Amino acid sequence: MSLSARSTSRLLPCVVVAMLLNGCGPDFAGTANLGSTGSNIVCFGDSITRGYGASAGMSYPDQLGALIGRPVINSGMDGDTTGSALARLEEDVLAQDPWIVVVSLSGNDFLRRVPESETARNLDTIVSRCIDAGAIVVLVHAKFGILGSDPYFDVFEATADRHDAVLVRHVLKGILGNPARMYDQVHPNDDGYALIAERVAEVLGPLTAAAEKARGDA
């Protein structure tokens, strides 16, 4: 199934304008490896990245690729914690000649009550290894707490700051807990995945333009 016309028409003009202006949007000048010579955009994460509950072709990486007009590799794995994701990082991400790695993890850490310090350590190692491999890193933060709590926001923000990575905040806002955008209690439906893709594309569109300029492609 192709990306819905509704989603494309709502966001694509904004992405295109941001890419054309390239400098009137977010400032990526301090981003690590902005001039990366890698080839691929890789979305790395758990079942939400893989697209559990989505129709064929409607995972958020599929919809993201359609929005930014570029191929995106989906390296999502059902059930992944930051620890199990770290164990497969070499084969599923670093061996893919990554240009940009979009990291979306921690939901299963929360569900399995992994100590926050362990989640922070694993996330830091994932980002560090991607940076060392020459890739640009985009960290996608999602709020999983209850009653207003947000257990991982400080971890994601500190990790992004420490490694000069790009941070996309509150990607599940208005999705998690909203029956109209959920397939089950944990996973979005097609509309929910569309909104995730839009939020990531709002950052990734101008980032790819800035990165191409930094490495001399534009």
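User: Happy to be looking at this one with you! In what order do the five strands of the open sheet stand?

Analyst: Good place to start, and please keep in mind that this is a predicted model. The five strands make one open sheet, and their pairing is parallel. Its edge strands, each pairing on one side only, are β2 and β5 (166-168). Read across, the order is β2-β1-β3-β4-β5.

User: What is the average twist from one strand to the next?

Analyst: Strands of a sheet pair through backbone hydrogen bonds, either parallel or antiparallel. In this sheet the pairing is parallel. From one strand to the next, the twist averages 20°.

User: Is strand β1 largely enclosed or largely open?

Analyst: Strand β1 covers residues 40-45. Buried here means under 20% relative accessible area. Five of the six residues of β1 are buried, so the rest of the structure leaves this strand largely enclosed.

User: Which residues stand opposite Gly45 in β3 and β2?

Analyst: Let's take the two partner strands in turn. β1 runs parallel to β3 (residues 98-104), with six bridges joining them, and it is also parallel to β2 (residues 72-76), through five bridges. Opposite Gly45 you will find Ser104 in β3 and, in β2, Gly76.

User: Which residue of β4 is the bridge partner of Val102?

Analyst: Strand β4 spans residues 136-140 and runs parallel to β3, to which four bridges join it. The bridge partner of Val102 in β4 is Val138.

User: How are helices α7 and α8 oriented to each other, roughly parallel or roughly antiparallel?

Analyst: The axes of α7 (residues 116-132) and α8 (residues 153-163) come within 10 Å and cross at roughly 30°. Angles under 35 degrees count as roughly parallel. That crossing angle therefore makes the α7 and α8 pair roughly parallel.

User: Which residues of α8 make the contact with α7, and what is the handedness of the crossing?

Analyst: On the α7 side, the contact is made by Glu116, Ala120, Leu123, Asp124, Val127, Ser128 and Ile131. The α8 side contributes Val155, Phe156, Thr159, Arg162 and His163. As for handedness, the crossing of α7 and α8 is right-handed.

User: Which strands does α8 lie across?

Analyst: Here α8 meets the sheet, running at about 165° to β4. The strands that α8 lies across are β4 and β5.

User: Where is the pLDDT below 50?

Analyst: The mean pLDDT of the protein is 89, and 86% of its residues reach 70 or more. Where pLDDT is low, the predicted coordinates should not be read in detail. The pLDDT is below 50 over residues 1-11, and it stays under 50 over residues 13-23.

Note on methods
Residues are numbered from 1 along each chain as its sequence is written. This is a predicted model: local features need pLDDT of at least 70, side-chain atom pairs count only at pLDDT 80 or more; totals for chains, interfaces and linings use all residues. Side-chain values use heavy atoms; hydrogens and water are left out. pLDDT is the predictor's confidence in each residue, from 0 to 100. Contact means heavy atoms within 4.5 Å. Buried means under 20% relative accessible area, exposed over 50%, partly exposed in between (1.4 Å probe, protein chains only). Two strands pair if DSSP finds at least two bridges between them. Axes are lines fitted to C-alpha atoms, for helices over the stretch in contact, and angles run from 0 to 180 degrees between N-to-C directions. Angles under 35 degrees count as roughly parallel, over 145 as roughly antiparallel, 65 to 115 as roughly perpendicular and the rest as oblique. A crossing is left-handed if the near helix is turned anticlockwise from the far one by less than a right angle, and right-handed if clockwise.
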